[in-house]
Amino acid sequence: MPRAIIAVLLAISLLNPAFAGDTADPRELSHKEGQAVAAAAEQALKGSDLWKGKVYLTNTEVVFDNRAKPPGRYALLTFYRYDGNLAILVAIRLEKLTVTKIAAHPHMPTSLAPLEIAEAEKMARAHPDIKKALARYRYLDKIEVDTTAAQIIDPQVPGYQHRVARLFFRDAQRNYLPSVPMVDVDLTTGEVRFDVIRGLHDRK
């Protein structure tokens, strides 16, 4: 199986508990549906010349068209493509497994995929300055990370219109570590920015 499809299926498995087995809940995707919509979406994006470079599935949900009798059931998949900083929405009618709409939105914010979050944390922890700062804490194995997608709105700030993961390190009591107030991992360029001043990237 191609690595791209494997990555998509892994993302669906993490985003949808129903992927682990069939479900009677119409608001969730069954195991077979999860596999089918992933393959259908990838095929459609390749056919539309939208599948280029690094593409991640960042969200999937089931929505209903209540105008139909009975209501139509659709899967709405959100992808992020690094090339062009592009969000891609794919709607698939589940009854017929038909792609009904593809919409591409440059610079539209999307959540981070699980694989991106794991990559960002790995890069951050490997940075020498961050390793040094974390070494001040006794229980390194207890330090956890909260990660969010940062939206850089100032063209003069590093990471503008890039895929940036913002990380906050905390201890087992959920106290954020003052020596590592914020770390930005630019997944587009591979840079790690260790800022000791809170809010540096959000200046206006």
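A residue is called buried when its relative accessible area is under 20%, and leucine 77, with a relative accessible area of 0%, is therefore buried in this structure. The model described here is a predicted one, and buried residues make up 41% of the 204 residues in the protein.

**Confidence and overall layout**

The mean pLDDT of the protein is 85, and 84% of its residues reach 70 or more. Over residues 196-204, however, the pLDDT is below 50, and this stretch has 17 contacts in the model beyond near neighbours in sequence. For residues 1-21 the pLDDT likewise stays under 50, and the model gives them 40 contacts beyond four places in sequence.

The protein has four helices and eight strands, which follow one another along the sequence in the pattern α-α-β-β-β-β-α-α-β-β-β-β. Among contacts between residues at least 6 apart in sequence, 48% join residues at least 24 apart.

**Two nonpolar cores**

In soluble globular proteins, nonpolar side chains tend to be buried together. The largest nonpolar core of this protein holds 21 residues, of which Ile130, Leu167, Phe169, Val183 and Val185 touch the most other members. Two or more residues of this core come from each of helix H3 (114-126), helix H4 (128-134), strand S6 (164-170) and strand S7 (182-186). A second, separate core has 18 residues, including Leu29, Ala41, Leu50 and Val90.

Valine 183 shows what such a position looks like in detail: leaving out residues up to four places away in sequence, valine 183 touches Ala124, Ile130, Ala165, Arg166, Leu167, Phe169, Val192, Arg193 and Phe194.

**Leucine 77 and glycine 159**

Leucine 77 belongs to strand S2 (residues 72-81), and, when residues up to four places away in sequence are not counted, leucine 77 touches Val37, Ala41, Leu57, Asn59, Thr60, Ile88, Leu89, Val90 and Ile92. Glycine 159, by contrast, lies in the loop between S5 and S6; its relative accessibility is 7%, so glycine 159 counts as buried. Apart from neighbours within four places in sequence, glycine 159 is in contact with Ile152, Val164, Asp186 and Arg193. The table lists, for each of these two residues, a partner from elsewhere along the chain, with the separation of their C-alpha atoms.

| Residue | Partner | Separation in sequence | C-alpha distance |
|---|---|---|---|
| Leucine 77 | Asparagine 59 | 18 residues | 5.9 Å |
| Glycine 159 | Aspartate 184 | 25 residues | 8.7 Å |

**Two residues with a positive phi**

Aspartate 49 is not a glycine, yet it has a positive phi of about 60°, and this residue lies in the loop between helix H2 (31-47) and strand S1 (55-65). Glutamine 161, which is not a glycine either, also has a positive phi of about 60°, and its place is in the loop between strand S5 (144-150) and S6. With a relative accessible area of 34%, glutamine 161 is partly exposed, because that label covers values between under 20%, which is buried, and over 50%, which is exposed.

**The largest pocket**

Rolling a probe the size of a water molecule over the atoms shows where empty space is left. About 210 Å³ of space lies in the largest pocket, which is lined by 17 residues, and those that lie nearest its centre are Asn85, His107, Gln151, Gln161 and His162. Sorted by class, the lining consists of nine nonpolar, seven polar and one charged residues. Glutamine 161 therefore appears twice in this account, as a partly exposed residue and as one of the residues nearest the centre of the largest pocket.

Definitions and conventions
Residues are numbered from 1 along each chain as its sequence is written. This is a predicted model: local features need pLDDT of at least 70, side-chain atom pairs count only at pLDDT 80 or more; totals for chains, interfaces and linings use all residues. Side-chain values use heavy atoms; hydrogens and water are left out. On a 1 Å grid over the protein atoms alone, a cavity is a set of points where a 1.4 Å probe fits but cannot get out, and a pocket is an open set with protein on both sides within 12 Å along at least five of seven lines; lining residues have an atom within 4 Å of a point. Grid points are joined across faces, edges and corners, and a volume is the space filled by probe spheres set on the points. Ala, Val, Leu, Ile, Met, Phe, Trp, Tyr, Cys and Pro count as nonpolar, Asp, Glu, Lys and Arg as charged, and the others, Gly among them, as polar. pLDDT is the predictor's confidence in each residue, from 0 to 100. Contact means heavy atoms within 4.5 Å. A nonpolar core is a set of buried Ala, Val, Leu, Ile, Met, Phe, Trp, Tyr and Cys residues joined through side-chain atoms within 4.5 Å. Buried means under 20% relative accessible area, exposed over 50%, partly exposed in between (1.4 Å probe, protein chains only).
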